[in-house]
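Here's a quick briefing on a few helices and one loop residue. Have the coordinates open as you read.

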Amino acid sequence: MYMTQGPAWSTSGLDVAAGRYPLSVERHIMRMAGLLVPGVTTVTPHARYYSLHALVAIEAERRGLSLQQAQDLLRRCEVAMAAVSYAHDHAEIGLPRAHGLDALAARLQSGEVVMAEAAQPVKGGYVRNVWGFWNPYAASEISLGILTSAIMPTPGPACAADQVIAGLDGILELAVRPRLTVDELRGHSHLCVCAGGGAADGTWLASLLCLPGEQPAEAAGFVRRDTIRLLARVMGTHEIGDVTNDVRPVIAYGDFLTSDPVAASLDTAPVWRGVCYATTRSAPGDACGRGSCQRSSA
Ligand SMILES: [Zn+2]
């Protein structure tokens, strides 16, 4: 004879010893993020590499570079940006180090970088991949129209050459130098990974992310724009010390999404509530991180 007991929480680990996603929502969450913020990636925090890769694409097209020449130019540009970011004292602003900086640290501490050595995709260089750090960015850059889908960086329909070239003025000259000295690079702080926000290329990228309609086939951009508006509104109306931890509860719980006039006007806000709720582990009554709900019988 069967008797129902529960429902109750099972002990964790019945099926998976140490599952990070016990409710198996990861695939759903990633798909929703792709729909809500197309072109935005969690793989990297450095927006300025979007501009840098655009510049490489523009230059490669202008000079008719071969694949190998484009690879060399891209790596040299990334080394130059990393070296400039080492020389620039931008203090703790929450921005991680530039790509490859750890590998370049010993050279930079000695005062200079020999480009032919640092930019080689071998052990001892700043990265082993022939395309430097382009791969993690490529899908987003193509999604945004900065590049087209090709075997090497190629300007896309949204690539604004004038603004990209103006914002990164001087980095191509640094990239072809035989060596870079740290003292000299202190005069190029406008090329640092932290300096995109106030530069022409940063203005272009901000428009690209937040002003859909200026480019063709940018319907998905309206959803991205509304997501950015939602985040900006939360941060402008709350004390946010840590974005990752402090923004999510505001969206997941409470009446902000309906009481705030801006948030209430955004169709994406309630969608984000569902996404955030599914990923929130710390709220009372939250199911994530615990075992699966079961009904036992005896
Ligand atoms: Zn900086």
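H3 has 21 residues, so at 1.5 Å a residue it should span 30 Å, and its end C-alpha atoms are indeed 30 Å apart. Keep in mind that this is a predicted model. The rest is sorted by topic below.

**Helix H3**
- H3 covers residues 67-87.
- Most of H3 is tucked away, with 18 of its 21 residues buried.

**The loop after H3**
- Between H3 and helix H4 (101-109) runs a loop, and Ala91 is found in it.
- Ala91 isn't a glycine, yet it has a positive phi of about 55°.
- Is Ala91 buried or exposed? Ala91 counts as exposed because it has just 6 C-beta neighbours inside 10 Å, and the cut-off for exposed is 12 or fewer.

**H1 against H15**
- The axes of H1 (residues 26-36) and H15 (residues 268-279) come within 11 Å of each other and cross at roughly 155°.
- That angle makes the two helices roughly antiparallel, since anything over 145 degrees falls in that class.
- As for handedness, H1 passes H15 in a left-handed crossing.
- On the H1 side, the residues in the contact are Ile29, Met32 and Leu36.
- Across from them, H15 brings Thr268, Val271, Trp272, Val275, Ala278 and Thr279.
- Sorted by class, this H1–H15 contact has seven nonpolar residues, two polar ones and no charged ones.

Methods. Residues numbered from 1 in each chain as written. Predicted model: local features only at pLDDT ≥ 70, side-chain atom pairs only at ≥ 80, totals over all residues. Axes fitted to C-alpha atoms, helices over the stretch in contact; angles between N-to-C directions. Helix = DSSP H or I, 4+ residues; strand = E, 2+ residues; numbered from the N terminus. Parallel < 35°, antiparallel > 145°, perpendicular 65-115°, else oblique. Left-handed = near helix turned anticlockwise from the far one by under 90°. Contact = placed C-beta atoms within 7 Å. Nonpolar A, V, L, I, M, F, W, Y, C, P; charged D, E, K, R; others polar. Buried ≥ 20, exposed ≤ 12 C-beta atoms within 10 Å, placed from the backbone. Expected span 1.5 Å × (residues − 1).
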